[in-house]
Amino acid sequence: VSVIYMLSPWSMNRIEHFFLWTGYALAPLILVGAMKGLEDHDVKTLALTGFLWTVASTSAHYTIFLFMLVLGALIYQNPLRARWPQRIGLLRSFLILLTTFLVTSMYWIAPYIASLLEGVSGPPAVLTVEVVNMLSASSGPLNAFRGIGYWWPRTDMALQGELGVAWGVASYIVPVMAFSALLFRRDRLTLSLTAMALIFFVLSMGTNWGLGGAYSWLTFDAPLSRQIGWLLRDPDKWAGPMWLTYCLLIMVTLLELNSRSRLKFGGWSDGRNKTAAMFLTCIILLSGFMVFAVPSVNGHMNGIYVPMEVPGEYYSTNDWLAGLDGDFNVLWLPNTLGTSTNWTSNMVSNIENMYSGKPDIGGTTVYGAYYRSFLSQTLAENRTDHFGKLLATAGIKYLIVREDVPELHSLIDAMESSLSWQKDMALVRQDGALKVYEVIEDVKLVYATDNIISVI
């Protein structure tokens, strides 16, 4: 089951979304810890689970996903049928878990709440009905049921040709095995996991089903949608916790199949027969799953993502930047996202943004891209000899120019020619393909005033 969880198409498609890795990896521990801690009222287990929740909250998405899993663990205890002393004890245990999470997460929760109070509604991502519909395009019921509703797969998810039929059949093995648990058991655990799986399944369809208008309402019109509606922008993200519930339900199915097995080998004890039956069942399950997962795994691991050795100047330059005193930003030019370098044969990720020794202005947000494009064009066309002033207003102290992108050679030459004439910038470091220019004047951030008046 852990192999299925690790190599699911969802986890392959989300490799580039590194902010989801920790939450996806720790979600099983948190769900099991919440169920166990709430049932036994074990303070240590509850506190540890709350702390793991904090560690796993590397994205606001998984903060919400894990809250729903913890809430499912609470409902699993069936508080409505419990007596009042049991309800009070269950509430106390839940508050221990929740308080541990809130206290250890206050370092980011407090600033986030403060930003919401100031009117900031989330990251600068484009959130419109059209965007949500686009990101729901592949999340129809059949795709969402199989956990392959990602709107932009980077590789072919299905086998082609004669093996296409086999892949189509194999793609239903995981959800069918998961919901088959209901054929054997309808206890609290099975029903709770099934309910959570169905909730995540419905959410992962986004707007691409008959009642998709409800998802639009949650995103744009529901209470608090202005503050957290952006979390619903990409509905396939809900398939992450759905895969967890699938895997746990498959465990229930496997255990029940093993307990009911009548397979016998001559001369073997019942224990050995059951072990052999479980082994054969797992082999059949994994064989079917691998037929389903191989295109995704192979396409990502042997095609899209290829390990490369990053040139040493990136390490030394970032170490140098990290060692400088002061609170300032840096800017890497040109924007190389989607291009190859002279040390790679394929497209390389935006390593300059993710691993910069100081905060990099620009990144991959819409407004950051506009800003970086404006600066690149201004510099390449030599529109000013005080380029440092444009950088200083954004708190940028150093500009790093990359010379290792062959297809942008003419742009890089134009920028370096313009930099040689700048009156407020100086070349302070050159290491391999990286040149570092310093803004000579003092760097001071410029802020918009609260009251902006337009005079026409």
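The legends below describe an overview and several close-up views of one predicted protein model.

The model is predicted, with local features requiring pLDDT of at least 70 and side-chain atom pairs pLDDT 80 or more, whereas totals for chains, interfaces and linings use all residues. Residues are numbered from 1 along each chain as its sequence is written, and side-chain values use heavy atoms, leaving out hydrogens and water.

**Figure 1. Overview of the protein, with 22 helices and 4 strands.** Helices (H or I, at least four residues) and strands (E, at least two) are DSSP runs numbered from the N terminus. The C-alpha trace spans about 85 × 60 × 45 Å along its principal axes. Of the 456 residues, 45% count as buried; buried means under 20% relative accessible area, exposed over 50%, and partly exposed in between (1.4 Å probe, protein chains only). The accessible surface comes to about 23,500 Å², and 64% of this surface belongs to carbon and sulfur atoms. Areas come from the Shrake-Rupley method with a 1.4 Å probe, and for residues only the protein chains shown count as cover. Among contacts between residues at least 6 apart in sequence, 75% join residues at least 24 apart, a contact being heavy atoms within 4.5 Å.

**Figure 2. Charges in the protein: 30 positive and 34 negative.** The mean positions of the two sets are 16 Å apart. Lys and Arg count as positive and Asp and Glu as negative, while His and the chain ends are not counted. Each charge is placed at NZ of Lys, CZ of Arg, CG of Asp or CD of Glu.

**Figure 3. The open sheet, with strand order β1-β2-β4-β3.** The pairing in this sheet of 4 strands is mixed; two strands pair if DSSP finds at least two bridges between them. β1 (329-333) and β3 (425-431) are the edge strands, each pairing on one side only. Neighbouring strands are turned by 25° against each other on average, direction ignored. Axes are lines fitted to C-alpha atoms, for helices over the stretch in contact, and angles run from 0 to 180 degrees between N-to-C directions. β1 and β2 (residues 396-402) run parallel and are joined by 5 bridges. β2 and β4 are antiparallel, also over 5 bridges, and β3 and β4 run antiparallel with 6 bridges between them.

**Figure 4. Strand β1 and the peptide bond after L333.** All 5 of the 5 residues of β1 are buried, so the strand is largely enclosed by the rest of the structure. In a regular strand the side chains alternate between the two faces of the sheet. N329, L331 and L333 point one way from β1, and V330 and W332 the other way. L333 stands opposite V401 in β2. A cis peptide bond with omega of about -5° joins L333 to P334, and P334 lies in the loop between β1 and α19 (351-354).

**Figure 5. Strand β4 and the hairpin with β3.** Of the 6 residues of β4, 5 are buried, and the strand is mostly covered. On the β2 side, R402 stands opposite L434 of β4. On the β3 side, A426 has E438 as its bridge partner in β4. The hairpin of β3 and β4 has 2 residues between the strands, and G432 in the turn has a positive phi of about 60°.

**Figure 6. Helices α18 and α22 across the sheet.** Helix α18 (residues 312-322) lies across β1, β2, β3 and β4 (434-439), and runs at about 135° to β3. Helix α22 (residues 409-419) lies across β1, β2, β3 and β4 as well, running at about 140° to β2.

**Figure 7. Loop residues H41 and L224, each with a positive phi.** Most residues other than glycine have a negative phi, and most peptide bonds are trans. H41, in the loop between α3 (21-40) and α4 (43-56), has phi near 55°. With a relative accessible area of 39%, H41 is partly exposed. L224 has phi near 70° and lies in the loop between α14 (212-220) and α15 (225-228). L224 counts as exposed, at 56% relative accessibility.

**Figure 8. N78 and its separation from S418.** N78 is found in the loop between α5 (60-76) and α6 (84-104). Its relative accessibility of 27% makes N78 partly exposed. C-alpha to C-alpha, N78 and S418 are 69 Å apart in space, and in sequence they are 340 residues apart.
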